[in-house]
Amino acid sequence: MPSISPFATGNRSNKGSDLCMKAAVITRYGTPDVVQVREVERPTPKNNEVLVRVRAPTVSAADWRIRKADPFIVRFFAGLLRPTKIPIGGMEFAGTVESVGKPVTRFAPGEEVFGRTLFKLGTHAEYVCVPETLLAMKPVNLPLEEAAAVFFGGMTVLGFLANAKIRPGDRVLIYGASGSVGVFAVQLAKHFGAHVTAVCSTANLDLVKSLGADEVVDYAKEDFSAAGRVYDMIFDTVGKCSKKAARCWQTSSRLNRAIPSRLCIARRAATRPTPSSISPGIMPWILS
Ligand SMILES: NC(=O)c1ccc[n+]([C@@H]2O[C@H](COP(=O)([O-])OP(=O)(O)OC[C@H]3O[C@@H](n4cnc5c(N)ncnc54)[C@H](OP(=O)(O)O)[C@@H]3O)[C@@H](O)[C@H]2O)c1
């Protein structure tokens with residue numbers, strides 16, 4: 001079939017057929033209205049790929065950053081003038097296997113799965129093709145909407161906490177605890193046995209408490225760096241607390257940062273018996 005460009009607006013003979021699908025196309029860089037629902041060519045699974053009917057995608061910080069070309073570097077991989085290389089947003093999804101390419105044996109049509117597309121994006125569509133290595137069976141007790149939201153925040157946080165070598169008993173401050181990164185940071189830090197102080201807005205205090213934070217600080221009313229407060233680790237998901245964070249260190253800190261990123265995690269050097277090298281921690285494909 002002739003390919004239907006996501007950027008084409010005229011009539012095409014295949015529109016409305018089974019070879020097409022609806023997708024939210026980023027027609028150019030800009031405000032949310034540049035995203036338009038259009039009919040585009042439905043992808044076909046190649047070798048080792050799985051075609052999934054998307055039933056729950058997410059909209060993450062990466063999506064609006066690509067839509068706005070913010071930071072500018074987005075244009076180098078998505079397209080200089082408009083996002084021709086990444087015309088459809090969405091990095092994560094949950095859905096149902098529609099068909100599989102050869103020689104995929106781990107998945108079969110009808111199974112519920114969840115996964116991510118990394119920098120190919122494309123989950124804001126009725127169907128998406130992904131390598132089987134980026135796919136997992138959806139746990140039966142996890143609703144589609146919750147499964148879809150695991151990767152962007154959850155995988156990022158796992159990478160950061162592992163690189164910062166979180167340990168039971170650590171006093172961890174999570175700044176920006178209510179976002180997609182923050183909610184996983186709170187839960188995973190608790191899972192690893194840390195004492196968690198979480199900073200968020202008034203509206204999200206109850207949400208963050210319900211995730212298990214030991215202490216919750218409303219950034220509009222209270223200063224987390226007030227006298228006497230010391231943390232072993234500070235995880236800043238917002239990029240706004242570095243000066244205040246410095247007040248909480250008794251010794252120099254080791255910083256672990258994704259580049260370019262506002263996201264960083266720091267651990268007091270004195271709490272680590274042997275200093276190890278600073279590493280970016282997570283996949284460079286994720287934007288700040
Ligand atoms: N480098 C990487 O690998 C990577 C991966 C994932 C995300 N990121 C980046 O990490 C950042 C956070 O991502 P996200 O997905 O968690 O974003 P998000 O879901 O939009 O959450 C933003 C968070 O920032 C908080 N916040 C906003 N303004 C604040 C302020 N003035 N003071 C304190 N907190 C404030 C919000 O809290 P309230 O709503 O309670 O105010 C919320 O918790 C983004 O810049 C994203 O691009 C980077």
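Leu51 finds its bridge partner in strand S4, at Ser99. That pair belongs to the contact between strand S3 (residues 49-57) and strand S4 (residues 92-100), which run antiparallel and are joined by seven bridges. The model is predicted. Its chain holds seven helices and 13 strands. Of the 288 residues, 42% count as buried. Among contacts with a separation of 6 or more, 62% link residues 24 or more positions apart.

**The five-stranded sheet**

- S3 and S4 sit in an open sheet of five strands, ordered S6-S3-S4-S5-S7. The pairing in this sheet is antiparallel.
- S6 and strand S7 (135-137) are the edge strands, and each pairs on one side only.
- On average, neighbouring strands of the sheet are turned by 45° against each other, direction ignored.
- S4 also pairs with strand S5 (residues 112-116), over five bridges and in the antiparallel sense.
- Phe93 has Gly115 as its bridge partner in S5. For Gly95, the partner in S5 is Val113.
- Strands of a sheet pair through backbone hydrogen bonds, either parallel or antiparallel.

**Thr96 in strand S4**

- Thr96 is placed in strand S4.
- Thr96 is partly exposed, because 15 other C-beta atoms lie within 10 Å, while a buried residue needs 20 or more and an exposed one has 12 or fewer.
- Leaving out residues up to four places away in sequence, Thr96 touches Val52, Arg53 and Arg55. The same list of contacts holds Gly110, Glu111 and Glu112.
- Thr96 and Phe114 are 18 residues apart along the chain, and their C-alpha atoms are separated by 8.4 Å.

**The largest nonpolar core**

- The largest nonpolar core has 34 residues. Those that touch the most other members are Val172, Ile174, Ala185, Val186, Ala189, Ala198 and Phe235.
- Two helices, H4 (150-163) and H5 (180-191), each supply at least two residues of this core. So do the strands S8 (171-175), S9 (195-200), S10 (215-218), S11 (233-236) and S13 (264-268).
- H5 gives the largest share of the core, with seven residues.
- A second, separate core has 33 residues, including Val54, Ala125, Val128 and Ala149.
- Val186 is in contact with Ile174, Ala177, Val196 and Ala198, once its neighbours within four places in sequence are set aside. Val208, Leu211, Gly212 and Ala213 complete that set of Val186 contacts.

**Helix H4 and the residue that follows**

- H4 has 14 residues. From its first C-alpha to its last it reaches 19 Å, close to the 20 Å expected at 1.5 Å a residue.
- The buried residues of H4 are Val150, Phe151, Phe152, Gly153, Thr156, Val157, Phe160 and Leu161.
- An α-helix has 3.6 residues a turn, so residues three or four places apart point the same way.
- Just after H4, Lys165 takes a positive phi of about 55°. Lys165 is not a glycine.
- Lys165 lies in the loop between H4 and S8.
- Lys165 counts as partly exposed because it has 15 C-beta neighbours inside 10 Å, between the limits of 12 or fewer for exposed and 20 or more for buried.

**Unusual backbone geometry in other loops**

- Leu118 has a phi near 55°, a positive value in a residue other than glycine.
- Leu118 is placed in the loop between S5 and strand S6 (127-131). It is partly exposed, with 15 other C-beta atoms within 10 Å.
- The peptide bond from Asp70 to Pro71 is cis, and its omega is near 10°. Pro71 is found in the loop between helix H1 (61-68) and helix H2 (74-78).
- Lys102 and Pro103 are joined by a cis peptide bond with omega about -10°. Pro103 lies in the loop between S4 and S5.

Terms used: Residues are numbered from 1 along each chain as its sequence is written. This is a predicted model: local features need pLDDT of at least 70, side-chain atom pairs count only at pLDDT 80 or more; totals for chains, interfaces and linings use all residues. A nonpolar core is a set of buried Ala, Val, Leu, Ile, Met, Phe, Trp, Tyr and Cys residues joined through C-beta atoms within 7 Å. Helices (H or I, at least four residues) and strands (E, at least two) are DSSP runs, numbered from the N terminus. Two residues are in contact if their C-beta atoms, placed from the backbone, lie within 7 Å. Two strands pair if DSSP finds at least two bridges between them. The expected span of a helix is 1.5 Å times one less than its number of residues. Axes are lines fitted to C-alpha atoms, for helices over the stretch in contact, and angles run from 0 to 180 degrees between N-to-C directions.
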